[in-house]
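Trainee: I should like to study how the ligand is held in this structure. May we begin with the terms that are required?

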Amino acid sequence: MINGEKLRQDFPILAQNVNEESLVYLDNAATTQMPESVLQTMETYYHKDHANVHRGVHTLAQRATEKYEAAREKIRQFIHAKEIAEVLFTKGTTSGLNWVARSFGDRFINEGDEIVLSYMEHHSNIVAWQQLAKRKKAVLKYISLTEDGFLDMEDANRQITEKTAIVAITHGSNVLGVINPITELTELAHKHQGIIVVDGAQAVPHMPVDVKALDVDFYAFSGHKMVGPTGIGVLYGKRYWLEQMEPVEFGGEMIDFVNLQESTWAELPWKFEAGTPNIAGGIGLGFAIDYLNKLGLDEVYRYEKELVHYVLPRLEAIDGLTVYGPSDPLDHTGVIAFNLDGLHPHDLTTALDMQGVAVRAGHHCAQPLLKYLDTVATARASFYLYNTKDDADHLIEAIKETKEFFNYGSF
Ligand code: 7TS
């Protein structure tokens, strides 16, 4: 069983004071912190093994290649992909989604085809599709949400039709804290001969994900939201599609033969990975996965739910505080967006920071969603495996203090 208090000790960055208060880090939807094992792994790599991958025969180059490719295999197992050919290293979720929009889109999308998104998408799962729609004269459609912030599946059934070429949907919302029914959506997309592309940035770090069982066509996620480093991520794609798609970038590493006028591509997954990759990042992500596997993703999920059960009703009990998304902790992930009446979320967040509590304020890269919710910004606390009920208490106390400081409700 996870003991957040104990796990905290694996994360050196958390043992510090901010504004003379001990740091309560609740911005995990933006980025998570790295445990000592991941930091050490990357340091060792740079101290002992650093060389370019896939090209050298010398010992360091071989070591670097072995470690980097071993990470790919760990990722394959972690998401249950059939083969490493289907596991592409990217910079992160954003680049993975862009690759699909560019490469799959250019090959398979035609004028009048429909691309179905939802109102709760992060900008990285909107803008790339807008650009594709412009290039191809395709049509963008949006699935609406229920009052509680769930995806409206009745509307999904209306929007996904035989005209649908792509359903691009987030697995977990970075604002509403809901998990979407990917299996149902996949069945719907496939029933109409469309494909499904899943933004897994807010799901893979928090729950077991099996891309084969989900039967998704593409699935993208980021290392830095799952105790790994920034600048590395993964795009899973079915071999069937990847084989028919052109690479997005061209150059070294991704070729088989280069002639003066024509070139041929390397086999999957390297065909998509032009240039020197983020080697230390890949290795670091492999160790992040080791760390998560040791805890077990089922247990990570259970522990976060325990925290949500604790914190959500306590937040909802604060007079003047609006919490977005489902009110039942069973349906809510550790991402909790809220607003305090009469106070701009930036001011609220600054006041919380003064008390050592790190949360995010803003539109969370989901402007269409915030417009849909009829607000321009929210504050957002997001919990992860090293957070504790004590952190939740600090958050609640800090909000109450802030309310008092601004004399809220006392007139
Ligand atoms: N999709 C979702 C659902 C996300 O939450 C994010 C990042 C991304 C995609 C993009 O990931 P990246 O690693 O490529 O940047 N979300 C956030 C956030 O909520 N606050 O900061 C980043």
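Mentor: A residue is near a molecule or strand if one of its heavy atoms lies within 4 Å of it. The model is predicted, so local features need pLDDT of at least 70 and side-chain atom pairs pLDDT 80 or more, whereas totals for chains, interfaces and linings use all residues. Residues are numbered from 1 along each chain as its sequence is written, and side-chain values use heavy atoms, without hydrogens and water.

Trainee: Which residues come nearest to the ligand?

Mentor: The ligand has 16 residues around it. Of these, the nearest are Thr94, Asp199, Gln202, Arg360 and Arg380.

Trainee: How far from a nitrogen atom of the ligand does a polar side-chain atom of Lys225 lie?

Mentor: Consider first the oxygen atoms of the ligand: a polar side-chain atom of Thr94 lies 2.6 Å from one, and a polar side-chain atom of His224 lies 2.7 Å from an oxygen atom as well. These are polar contacts (pairs of N or O atoms within 3.5 Å). For Lys225 and a nitrogen atom of the ligand, the distance is 3.0 Å.

Trainee: How much of the accessible area of the ligand does the protein cover?

Mentor: On its own, the ligand has 490 Å² of accessible area, by the Shrake-Rupley method with a 1.4 Å probe. The share of this area that the protein covers is 87%.

Trainee: Between which domains does the ligand lie?

Mentor: The domain bounds come from an automatic or database domain assignment. Two domains both give residues to the shell around the ligand, so the ligand lies between domain 1 (4-29 + 296-408) and domain 2 (39-293).

Key:
A polar contact is a pair of N or O atoms within 3.5 Å; within protein, one must be able to donate a hydrogen and the other to accept it, and residues adjacent in sequence count only if both atoms are side-chain atoms.
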